[in-house]
There are 4 protein chains.
Amino acid sequence: VPFIYQRTVQFQDTDAAGVVYFSNLLAMCHEAYEASLSAAGMDLRRFFSPVEEVYPITHAEVDFFRPLFCGDRLTIHLNPRQTQSSDFEVRYQIYLSDSPEKPVSEAMTWHIAVDSTTGSRKNLSQPIIHWLAQYGGDNQPVRGNGQPSNPLGKPD
Amino acid sequence: VPFIYQRTVQFQDTDAAGVVYFSNLLAMCHEAYEASLSAAGMDLRRFFSPVEEVYPITHAEVDFFRPLFCGDRLTIHLNPRQTQSSDFEVRYQIYLSDSPEKPVSEAMTWHIAVDSTTGSRKNLSQPIIHWLAQYGGDNQPVRGNGQPSNPLGKPD
Amino acid sequence: VPFIYQRTVQFQDTDAAGVVYFSNLLAMCHEAYEASLSAAGMDLRRFFSPVEEVYPITHAEVDFFRPLFCGDRLTIHLNPRQTQSSDFEVRYQIYLSDSPEKPVSEAMTWHIAVDSTTGSRKNLSQPIIHWLAQYGGDNQPVRGNGQPSNPLGKPD
Amino acid sequence: VPFIYQRTVQFQDTDAAGVVYFSNLLAMCHEAYEASLSAAGMDLRRFFSPVEEVYPITHAEVDFFRPLFCGDRLTIHLNPRQTQSSDFEVRYQIYLSDSPEKPVSEAMTWHIAVDSTTGSRKNLSQPIIHWLAQYGGDNQPVRGNGQPSNPLGKPD
């Protein structure tokens with residue numbers, strides 16, 4: 001089952017065009033990611049410190065289907081999935097809380113597990129695998145060659 | 001009675017020193033301000049749009065008593081008070097949610113009411129006065145002349 | 001010829017992992033976009049105001065090939081290209097200024113021209129076409145079906 | 001002599017009211033601070049890492065005399081001064097580059113030197129004293145007791 005995160009668009013998220021500045025939506029998705037890790041029992045201060053292992057983002061993308069305004073209440077659905085022994089991806093669907101039938105935006109981030117001391121890739125650790133089991137699911141389209149393609153399509 | 005706002009420190013709030021980047025704490029206080037306006041019935045999209053009247057910040061300040069880390073749960077107490085017919089100030093006390101006896105930070109913002117079309121000061125409107133009555137209080141130290149002291153001095 | 005933008009990584013760009021927070025790299029690319037518009041004679045305040053026409057971003061993506069640190073000097077190459085009568089995309093290659101042989105990151109944004117009053121798509125206006133001619137070029141791989149695919153590949 | 005820093009207001013700095021979001025001006029001042037440290041020979045990555053000594057901000061304040069818009073070219077004058085053996089303050093005057101007679105904003109930050117391993121205050125190190133000598137000056141109004149006044153009061 002996906003993890004659900006509620007977030008109100010803040011004044012700081014907006015820009016002089018009157019709507020959410022594009023890259024701030026990715027930061028909101030990262031907030032949902034942090035909340036899901038915390039809900040799975042992770043200590044965030046430790047998780048995001050450069051000790052033992054880190055999970056840097058290697059790729060991020062986001063599609064916008066309509067503008068978002070200050071005060072808009074958003075519901076973010078987060079869905080992670082392991083893609084390799086050392087990699088996972090997280091998909092985000094962003095809805096206006098009061099119209100849940102169609103997302104207003106979709107996003108995705110790819111993460112790899114890196115050993116902080118050696119700098120090399122490593123297998124995902126047990127707590128992450130637990131988190132993947134908790135919030136991941138098979139409701140994701142499986143991609144043929146194990147390569148993420150462009151999952152989001154183009155807005156019409 | 002003050003307005004109470006809960007906020008978890010996010011990864012994005014931190015910097016390479018491992019703690020919250022200083023000006024982000026003011027942005028968290030502004031979130032509390034937005035939440036208090038919303039709780040008092042204001043429409044945030046309209047309130048922060050450049051229509052009719054706006055409430056720009058003319059001064060802000062913040063004191064830090066200890067560093068804050070990713071994942072820290074904060075409780076912000078917001079307390080506004082009218083300082084002139086066209087002005088109000090908001091004071092913020094920021095606590096770690098699990099040690100409420102002593103703030104970890106304090107902040108303050110000053111706001112003036114401005115008519116968007118003429119650009120000149122105006123009296124506070126009724127909704128703001130209602131909000132001030134709801135969350136303001138006399139638990140603030142009164143300063144001698146009822147004028148906020150200007151600690152930076154006025155530009156000559 | 002691409003537009004070249006110089007940018008030093010600032011403390012605010014970093015996070016508690018000690019490196020640039022992922023979505024801030026997209027904001028740096030947007031800075032390069034703004035600088036290129038300004039260099040082409042656009043008035044930025046007017047360009048980004050919700051008057052007449054606006055160019056919202058409908059898609060953004062970014063790949064990271066290595067972490068970036070506070071003080072790193074970056075050189076961003078910006079290359080725009082028209083993709084439809086109403087659309088353009090901008091590609092960004094981000095280099096460490098002192099090792100220009102291999103990008104440390106790549107990004108892309110898609111933009112559409114929208115009439116502010118009607119809210120519907122419109123053809124790109126003359127100043128944008130002029131800007132496209134100035135900084136665009138044929139050094140981009142042409143994609144068969146007019147659909148942007150995933151141009152960035154996976155970091156090895 | 002003060003350090004001079006040039007900065008164009010970016011779209012990301014603005015909010016839905018059409019002007020610079022208040023706390024972003026403090027971040028621009030911090031950019032000027034970073035540029036001055038770099039100009040004095042400091043390595044920024046090392047300076048802002050939690051190794052040996054750090055210089056956290058204990059207080060920040062900012063006054064706004066007029067709104068700032070996307071594309072505005074700013075000139076920031078930075079002027080530091082030692083206030084105690086372990087403390088310094090930095091004052092910032094922000095001008096529109098094309099009207100240098102009157103600042104549009106003023107700001108101030110206080111910093112203390114802290115030993116990273118013990119967590120206790122320490123004397124300013126030689127590179128910081130060198131930087132203070134280079135960009136500081138006696139053009140600052142001296143306050144009575146050589147102690148920065150604390151306009152927010154100390155928490156009890």
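This is a short walk through a model with chains A, B, C and D, taking one chain, then the two sheets, then a helix contact and two loop residues.

Before I start, please keep in mind that this is a predicted model, in which local features need pLDDT of at least 70, side-chain atom pairs count only at pLDDT 80 or more, and totals for chains, interfaces and linings use all residues. Residues are numbered from 1 along each chain as its sequence is written, chains are lettered from A and ligands numbered from 1 in the order in which they are written, and side-chain values use heavy atoms, with hydrogens and water left out.

Let me begin with chain A. Its secondary structure amounts to three helices and seven strands, where helices (H or I, at least four residues) and strands (E, at least two) are DSSP runs numbered from the N terminus. Followed along the sequence, these elements of chain A give the pattern β-α-α-β-β-β-β-β-β-α. Chain A has 156 residues, and 58% of them count as buried, a word that stands for under 20% relative accessible area, while exposed stands for over 50% and partly exposed for what lies in between, with a 1.4 Å probe and protein chains only. If we take the contacts in chain A between residues at least 6 apart in sequence, 67% of them join residues at least 24 apart, contact being heavy atoms within 4.5 Å. The area that chain A exposes is about 6400 Å², and carbon and sulfur atoms supply 52% of it; accessible areas here come from the Shrake-Rupley method with a 1.4 Å probe, and for residues only the protein chains shown count as cover.

Now to the sheets, where two strands are said to pair if DSSP finds at least two bridges between them. In which order do the 10 strands of the open sheet of chains A and C run? The order is β1(A)-β4(A)-β5(A)-β6(A)-β3(A)-β3(C)-β6(C)-β5(C)-β4(C)-β1(C), with antiparallel pairing. At the edges we find β1 (3–8) of chain A and β1 (3–8) of chain C, each of which pairs on one side only. From one strand to the next, the twist averages 20 degrees. Helix α1 of chain C, residues 22–39, packs on this sheet, touching β3 (57–64) and β6 of chain A as well as β1, β3 (57–64), β4, β5 (87–96) and β6 (105–112) of chain C, and its direction makes about 130 degrees with that of β1(C). For such angles, axes are lines fitted to C-alpha atoms, for helices over the stretch in contact, and the values run from 0 to 180 degrees between N-to-C directions.

Within this sheet I would like to pause at strand β5 of chain A, residues 87–96, because nine of its 10 residues are buried, so that it is largely enclosed by the rest of the structure. Strand β4 of chain A, residues 73–84, runs antiparallel to β5(A) and is joined to it by 10 bridges, and the two strands form a hairpin with two residues between them. On the β4(A) side, A:R81 has A:E89 as its bridge partner. With β6 of chain A, residues 105–112, β5(A) pairs in the antiparallel sense over eight bridges, and there A:E89 stands opposite A:W110.

The other open sheet, also of 10 strands with antiparallel pairing, has the order β1(B)-β4(B)-β5(B)-β6(B)-β3(B)-β3(D)-β6(D)-β5(D)-β4(D)-β1(D). Here β1 (3–8) of chain B and β1 (3–8) of chain D stand at the edges with a single partner strand each, so one side of each is left without a neighbour in the sheet. Inside it, β3 of chain B (residues 57–64) and β6 of chain B (residues 105–112) pair in the antiparallel sense over seven bridges, with B:E61 opposite B:M108.

Staying with chain B, the axes of helix α1 (residues 22–39) and helix α3 (residues 126–135) come within 10 Å and cross at roughly 105 degrees. The contact is made by B:Y33, B:S36, B:L37 and B:A39 of α1(B) and by B:I128, B:W131 and B:Y135 of α3(B).

I close with two loop residues. A:E52, in the loop between α2 (44–47) and β2 (53–54) of chain A, has a positive phi near 50 degrees in a residue other than glycine, and A:E52 is exposed, with a relative accessible area of 56%. C:E52, in the loop between α2 (44–47) and β2 (53–54) of chain C, likewise has a positive phi of about 50 degrees, and C:E52 is exposed at 57%.
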